[in-house]
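Please open the model in your viewer and switch on the cartoon representation together with residue labels. The tour goes from one selection to the next, with a short account of what is found at each stop.

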Amino acid sequence: MNEKQLTNTEKKSELSREATRTGERYISPAVDIYETDEGLTLVADVPGLSEKSLNISIDQGILTLEGEATAGMGEFQYREFAMSGYWRQFQLPETLDAEKAHAEVKHGVLTLHLPKAEAAKPKRITITVH
């Protein structure tokens, strides 16, 4: 298949970091990121992962989400669904306080809270009349 025949999804897949890491297959979880005055909230779809099988790290401003999903229900007799590892990276702004980040996983959904550093939060200036 030549480049002109590739769909946009296929082009993105070819250029993704996941494709260049190893020969292993990775799932890039769907992610929504919200910004408020307090910080960023990242919500990711990670079915099959628990807090023990999920690794979240921040190194040099790069947020990495990775985990290995396992079925763990016994010996397969028939299989159509293949469990794969999850892997996703994001460049974070310098205005976040990674030391105060916290996350939870519930029903296959990761919610990661990344608060802004105090210096980056909007300040209201009071006006006094003389």
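In which loop does glutamate 99 lie? Select this residue to begin, bearing in mind that the model is a predicted one: glutamate 99 sits in the loop that runs between β6 (85–91) and β7 (102–106). Its relative accessibility is 75%, and because exposed means over 50%, glutamate 99 counts as exposed. Add proline 115 to the selection, and a distance drawn between the two C-alpha atoms should read 9.0 Å, for residues that are 16 apart along the chain.

Next, follow β6 into its sheet. This is an open sheet of four strands in the order β1-β6-β5-β4, and its pairing is mixed; β1 (26–27) and β4 (54–59) are the edge strands, each of them pairing on one side only.

Start at the β1 edge, where β1 and β6 are paired in the parallel sense through two bridges. Selecting isoleucine 27 brings up its bridge partner in β6, tyrosine 86.

From β6, step across to β5, which pairs with β6 in the antiparallel sense over seven bridges. A convenient pair to label here is threonine 64 with glutamine 89, its bridge partner in β6.

The last step across this sheet leads to β4, which runs antiparallel to β5 (residues 62–68) and is joined to that strand by six bridges. Aspartate 59 stands opposite isoleucine 62 of β5, and in the hairpin of these two strands, which has two residues between them, glutamine 60 takes a positive phi near 55°.

Now select β2 (residues 31–35) and β3 (residues 39–45), an antiparallel pair held over five bridges. They form a hairpin with three residues between the strands, and tyrosine 34 has threonine 41 in β3 as its bridge partner.

For the final stop, hide the cartoon and show side chains. The largest nonpolar core has 17 residues, of which Leu42, Ala44, Leu63, Leu65, Leu110 and Leu114 touch the most other members; at least two residues of this core come from each of β3, β5, β6 and β8 (109–115).

Which residues does leucine 114 touch, leaving aside those up to four places away in sequence? Centre the view on leucine 114 and display its contacts, which are Gly39, Leu40, Ile58, Leu63, Leu92, Leu96 and Ala101.

Note on methods
Residues numbered from 1 in each chain as written. Predicted model: local features only at pLDDT ≥ 70, side-chain atom pairs only at ≥ 80, totals over all residues. Heavy atoms only, no water. Buried < 20%, exposed > 50% of the residue type's maximum accessible area, 1.4 Å probe, protein only. Pairing = 2+ DSSP bridges. Core = buried A, V, L, I, M, F, W, Y, C linked by side-chain atoms within 4.5 Å. Contact = heavy atoms within 4.5 Å.
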